[in-house]
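User: Please walk me through one part of this model closely. I am new to it, so short steps help.

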Amino acid sequence: MHEVNPMQITLNLPDHLSQAETFNQGDWLREIAIALFQQERISLSRASKIAGMEIMEFQKLLANRGICVHYDVEDFEQDVQHLRDRGWL
């Protein structure tokens with residue numbers, strides 16, 4: 001029988017959020033998206049969707065937290081598709 005090991009992620013919450021009494025579902029989703037992206041488990045596009053943010057807004061959030069944005073083939077393909085969907089390509 002194959003033993004399944006659960007995925008573990010670490011959330012590094014900014015001080016102002018870890019002390020906030022009004023930490024809502026959107027805050028949790030944003031922090032989970034950041035953690036998964038930072039640990040290279042999901043793409044930038046997927047992380048921004050989970051966070052409920054536009055990609056550029058999400059990138060600014062990452063930059064404000066000092067998190068490096070890695071850009072892979074999946075991100076590139078999603079960007080090309082987005083441009084096609086808008087008729088820009």
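User: What relative accessible area does F76 have, and is F76 buried, partly exposed or exposed? Please also show me what surrounds its helix.

Analyst: The model is predicted: local features need pLDDT of at least 70 and side-chain atom pairs 80 or more, while totals for chains, interfaces and linings use all residues. Numbering runs from 1 along the chain as its sequence is written, and side-chain values use heavy atoms, without hydrogens or water.

F76 has a relative accessible area of 48%, so F76 is partly exposed. The scale is simple: buried is under 20%, exposed is over 50%, and partly exposed lies in between, with a 1.4 Å probe and protein chains only. Across the 89 residues of the chain, 28% count as buried.

Now the setting. The chain has five helices and zero strands (DSSP runs, numbered from the N terminus: H or I of at least four residues for helices, E of at least two for strands). Along the sequence the pattern reads α-α-α-α-α. F76 sits in helix α5. That helix covers residues 73–85, which is 13 residues. From first C-alpha to last, α5 reaches 18 Å, close to the expected 18 Å (1.5 Å times one less than the number of residues). Just after α5 comes G87, with a positive phi of about 75°.

Next, look across from F76. S45 is 31 residues away in sequence, yet the C-alpha atoms of F76 and S45 are 9.5 Å apart in space. S45 belongs to helix α3, residues 44–51. S48 lies in α3 too. The side chain of S48 reaches the backbone oxygen of S45 at 2.8 Å. That is a polar contact (N or O atoms within 3.5 Å, one able to donate a hydrogen and the other to accept it; sequence neighbours count only through two side-chain atoms). How accessible is S48? With a relative accessible area of 2%, S48 is buried. F76, by contrast, is partly exposed at 48%.

S45 also leads to an enclosed space. A search of the whole structure finds one cavity of 30 Å³ or more. The largest cavity has a volume of about 30 Å³. Its lining consists of L44, S45, I55, Y71, D75, Q78 and D79. Helices α3 and α5 each supply at least two of these lining residues. The largest share, three residues, comes from α5. So which space is a cavity and which a pocket? On a 1 Å grid over the protein atoms alone, a 1.4 Å probe fits in a cavity but cannot get out; a pocket is open, with protein on both sides within 12 Å along at least five of seven lines; lining residues have an atom within 4 Å of a point. Points join across faces, edges and corners, and probe spheres set on them fill the volume.

Then comes the open space. About 340 Å³ lies in the largest pocket. Of its 15 lining residues, E54, I55, M56, D79 and H82 are the closest to its centre. Helix α5 contributes here again: α3, α4 and α5 each supply at least two residues of this lining. I55 and D79 appear among the residues closest to the pocket centre, and I55 and D79 line the largest cavity as well. D79 and H82 fall within the span of α5, residues 73–85.

One stop lies before α3. E40 is found in the loop between α2 and α3. Phi of E40 is near 55°, a positive value in a residue other than glycine. Most residues other than glycine have a negative phi. E40 counts as exposed, at 59% relative accessibility.

A last stop lies further back along the chain. N24 is placed in the loop between α1, residues 15–18, and α2. N24 is partly exposed at 42%. The side chain of N24 reaches two backbone nitrogens: that of G26 at 3.0 Å and that of D27 at 2.8 Å. Helix α2 spans residues 25–38, which takes in G26 and D27.

To gather the threads around F76: this residue of α5 is partly exposed, and its C-alpha lies 9.5 Å from that of S45. S45 lines the largest cavity, to which α5 gives the largest share of the lining. Helix α5 also takes part in lining the largest pocket.
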